[in-house]
Each structure stands twice: as C-alpha cells, then as structure tokens.
Amino acid sequence: MADSTTTHKPLSGWDKPELDLSGADWQSSSRGTGDVQIAFVEGFIAMRNSGRPESPSLIFSPAEWRAFVINARDGEFDLT
C-alpha cells in the first residue's frame, strides 16, 4: 500500500490555534476503561482515540466542550 500525505487547510471561521499536543498530559475517560483520552492545553480541550493516539485530535473551546458534555449526558453521543 502506498503512503500518502494530505495537507489540511484551516476551515473558514476556524479560530483555534495549532496546539502542540506532544507534551500534553492525556487522561483516560471512564476511569481508565474508555477509548477516549482528553488533555487540557492552552485553554482548550483536546480529545483523541486512545487506541490510535497518532490520529488527529479534536479540539474544543471551553464552551464547545461544555455543550458536548451536556449533549453526551443527554444521550446525544455514545462515548463507548
């Protein structure tokens, strides 16, 4: 299988900085039994798949994170 490289351009209206997550203190969800890890970096919340930490991380502002958590608690998202 051939390797490929994709260049991602920021989305229009994207107001989040390029965060250096290499030294982030990643914490597991669900008391260590979940597939998601989060880190708090420069006032933002990063979320990644713990099984594939090299995959891109989702970056949330504090307001976006709050909305995500509230909707997840209401059953909008399956975090397992």
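Colleague: Which strand is Arg48 found in?

Modeller: Strand S3, residues 44–49. Strands here are DSSP runs of E, at least two residues long, numbered from the N terminus. Keep in mind that this is a predicted model: local features need pLDDT of at least 70, side-chain atom pairs count only at pLDDT 80 or more, and totals for chains, interfaces and linings use all residues. Residues are numbered from 1 along each chain as its sequence is written, and side-chain values use heavy atoms, with hydrogens and water left out.

Colleague: How does S3 pair with S2?

Modeller: Two strands pair if DSSP finds at least two bridges between them. S2 and S3 do this over 6 bridges, in the antiparallel sense. Val41 has Phe44 in S3 as its bridge partner. The two strands make a hairpin with 2 residues in between, and Glu42 in that turn has a positive phi of about 50 degrees.

Colleague: And what joins S1 to S2?

Modeller: 2 bridges, with S1 (residues 27–28) running antiparallel to S2. Gln27 sits opposite Ile38 in S2.

Colleague: Back to Arg48: is it buried or exposed?

Modeller: Buried means under 20% relative accessible area, exposed over 50%, partly exposed in between (1.4 Å probe, protein chains only). Arg48 is buried, yet has no salt bridge. That term needs a side-chain nitrogen of Lys or Arg within 4 Å of a carboxyl oxygen of Asp or Glu; for Arg48, the nearest side chain of opposite charge is Glu54, 7.9 Å away.

Colleague: Which side chain does Arg48 make a polar contact with?

Modeller: The side chain of Gln37, at 2.7 Å. A polar contact is a pair of N or O atoms within 3.5 Å; within protein, one must be able to donate a hydrogen and the other to accept it, and residues adjacent in sequence count only if both atoms are side-chain atoms.

Methods: Helix = DSSP H or I, 4+ residues; strand = E, 2+ residues; numbered from the N terminus. Lys, Arg positive; Asp, Glu negative; His and termini not counted.
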